[in-house]
Amino acid sequence: MDLFDKVSEDIKNAMKAKDKVALETLRNVKKCFLEAKTAPGANDTLTDADALKIMQKLVKQGKDSASIYEQQGRADLAEAELGQVRVIERYLPKQMSAEELEAELRTIIAQVGAAGPKDMGKVMGVASKALAGKAEGRAISETVKRLLNNL
């Protein structure tokens, strides 16, 4: 069962369980999936890899929104956003810890033969593909920058 079908099935389950947060969140996810499927050039298909990218984007947006709400003293809205983020995160692969990420990036840096900060682009190209879905782009970028500056 692909992610699109899984989300559709879980919408039904959320309705039966009267789980409003999950229902609203999954309907939004499905809407994004449908928009991606019907976009020009998509040929009415959505791969699991593309679906994961959409979900990661939604998680990032939710966390950013929650952060803004907290800065403005709106804990109620921040908690609502984080509730939706938790629903979406159930579908994402387990995220790497900072230590695992650093170890993986050290290996990639050695593979690419990076010698300093000027090689950031080379490392990021390989790292972004290799770690897609396992770590946030911002975390990858910051760790690569730190490791290359210490070479």
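**Figure 1. Lining of the largest pocket in the predicted model, by residue class.** The residues that line the largest pocket divide into eight nonpolar, five polar and eight charged, and the structure in which they are shown is a predicted model. The volume of this largest pocket is about 370 Å³, and of the 21 residues that line it, those closest to its centre are Q56, Q95, A135, E136 and G137.

**Figure 2. Helices that contribute to the lining of the largest pocket.** At least two residues of the lining are supplied by each of helix 3 (48–71), helix 6 (120–130) and helix 7 (137–149). Helix 3 provides the largest share of the lining of the largest pocket, with six residues.

**Figure 3. The aromatic pair of F4 and F33.** The count of aromatic pairs comes to one, and this pair is formed by F4 and F33, whose rings are tilted with 35° between the planes and lie 6.2 Å apart, centre to centre. Because F4 belongs to helix 1 (residues 3–17) and F33 to helix 2 (residues 20–37), the pair ties together parts of the chain that are 29 residues apart in sequence. F4 has a relative accessibility of 13% and therefore counts as buried, while F33 is also buried, with a relative accessible area of 0%.

**Figure 4. K37 and the ring of F4.** The charged end of K37 sits over the ring of F4, at 4.2 Å from the centre of that ring. The ring of F4 thus appears in this view with K37 and in the preceding one with F33, its partner in the tilted pair.

**Figure 5. K18 in the loop between helix 1 and helix 2.** K18 lies in the loop that runs between helix 1 and helix 2, and its phi is near 55°, a positive value in a residue other than glycine. With a relative accessible area of 71%, K18 is exposed, whereas F4 of helix 1 and F33 of helix 2 are buried, at 13% and 0% respectively.

**Figure 6. The protein chain as the setting of the close-up views.** The protein chain contains seven helices and zero strands, and read along the sequence it follows the pattern α-α-α-α-α-α-α. Its C-alpha trace spans about 55 × 45 × 25 Å along the principal axes, and 34% of the 151 residues count as buried. Among contacts in the protein chain with a separation of 6 or more, 61% are accounted for by residues 24 or more positions apart.

Key. Residues numbered from 1 in each chain as written. Predicted model: local features only at pLDDT ≥ 70, side-chain atom pairs only at ≥ 80, totals over all residues. Heavy atoms only, no water. 1 Å grid on protein atoms, 1.4 Å probe; cavity = no way out; pocket = protein on both sides within 12 Å on 5 of 7 lines; lining within 4 Å. Points joined across faces, edges and corners; volume = space filled by probe spheres on them. Helix = DSSP H or I, 4+ residues; strand = E, 2+ residues; numbered from the N terminus. Nonpolar A, V, L, I, M, F, W, Y, C, P; charged D, E, K, R; others polar. Phe/Tyr/Trp six-rings, centres within 6.5 Å; stacked < 30°, edge-to-face > 60°. Buried < 20%, exposed > 50% of the residue type's maximum accessible area, 1.4 Å probe, protein only. Lys NZ or Arg CZ within 6 Å of the ring centre and 35° of its normal. Contact = heavy atoms within 4.5 Å.
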